[in-house]
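Here's a walk through the sheets, the nonpolar cores and the aromatic rings of one protein chain. Have the viewer open while you read.

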Amino acid sequence: MGGSTFSLSLILMLTASMFATNMANKDWHFGFNYTNWPVKGGPPQSQNDTPGPRKIVVGGSKNWQLNLNYTDWALKNGPFYLNDTLVFKYDPPTNDSIIPHSVYLLPNLWSFSTCDLRRATMAANVTQGGGEGFEFVLKKWQPYYFACGERDGYHCNAGQMKFFVMPLFHQWH
């Protein structure tokens, strides 16, 4: 009984904190970005308000690589919405000078926090990030925990190659 109460409390706390984190992006206040009010009336426009789902390259122009703080990147580039597509771009290994990367989905906050890949699911292997990259669509309203699974979690732990998103529903469509 105590374990299920703890689990429910942890899920509620996690959901609330992820929602708050997404909403705390830049100048967001309760879903409004007050820096972008139109000059002559009308609803406020957010910087990420586009008609329909977006394609977002993870890491921007730096792509998916070691030693970029992806948690910080996610905070600065959110909020993310249902049906948005995250694009993971990384060079496939062709010789010893290319450090291989992959994309794993971690099952929960604990696995994310500790970079525990034992129950993770591979979403993209070391070759799938080449060219146009690997695309992942945020199809469900749930937390998504992403990490690089290479070198037994070293890229996740020391290389900061991990982040999570909690997609929101579009507000202004």
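What follows takes the sheets first, then the cores, then the rings.

Keep in mind that this is a predicted model.

**Sheets**

Let's start with the three-stranded sheet. It is open, runs in the order β3-β4-β7 and has mixed pairing. The edge strands are β3 (55-57) and β7 (134-137); each has a single partner strand, so one side of each is left without a neighbour in the sheet. Neighbouring strands here are turned by 25° against each other on average, ignoring direction. Within this sheet, β3 pairs with β4 (residues 85-88) in the parallel sense, over three bridges. If you want a spot to zoom in on, Ile56 stands opposite Leu86 of β4.

The other sheet is also open and has four strands, in the order β6-β5-β8-β9, with antiparallel pairing. Here β6 and β9 sit at the edges with a single partner strand each, so one side of each has no neighbour in the sheet. The twist from one strand to the next averages 30°. Between β8 and β9 there are four bridges, in the antiparallel sense, and Phe146 has Phe163 in β9 as its bridge partner.

**Cores**

Which residues have the most contacts inside the largest nonpolar core? They are Trp64, Leu86, Phe88, Phe146 and Phe163, in a core of 23 residues. Elements giving two or more residues to this core are α2 (70-77), β4, β6 (121-124), β7, β8 (144-147) and β9 (162-165). The top contributor is α2, with three residues. There is also a second, separate core of nine residues, with Tyr104, Phe112, Leu117 and Cys156 among them.

**Rings**

The count of aromatic pairs comes to 17. Two of them share Tyr144:

| Pair | Centre to centre | Angle between planes | Type |
|---|---|---|---|
| Phe136 and Tyr144 | 5.5 Å | 75° | edge-to-face |
| Tyr144 and Phe146 | 6.2 Å | 10° | stacked |

Why is the first of these called edge-to-face? The planes of Phe136 and Tyr144 stand at 75°, and planes over 60 degrees apart count as edge-to-face. Phe136 and Tyr144 are both buried, and Phe146 is buried too.

Ring pairs also join up into a cluster that links Trp64, Tyr70, Trp73, Phe80, Phe88, Phe134, Phe136, Tyr144, Phe146 and Phe163.

One last contact to look up is a charge over a ring: Lys162 lies over the face of Phe112, at 4.8 Å from the ring centre. Phe112 is also one of the residues of the second core.

Key. Residues numbered from 1 in each chain as written. Predicted model: local features only at pLDDT ≥ 70, side-chain atom pairs only at ≥ 80, totals over all residues. Heavy atoms only, no water. Pairing = 2+ DSSP bridges. Axes fitted to C-alpha atoms, helices over the stretch in contact; angles between N-to-C directions. Core = buried A, V, L, I, M, F, W, Y, C linked by side-chain atoms within 4.5 Å. Buried < 20%, exposed > 50% of the residue type's maximum accessible area, 1.4 Å probe, protein only. Phe/Tyr/Trp six-rings, centres within 6.5 Å; stacked < 30°, edge-to-face > 60°. Lys NZ or Arg CZ within 6 Å of the ring centre and 35° of its normal.
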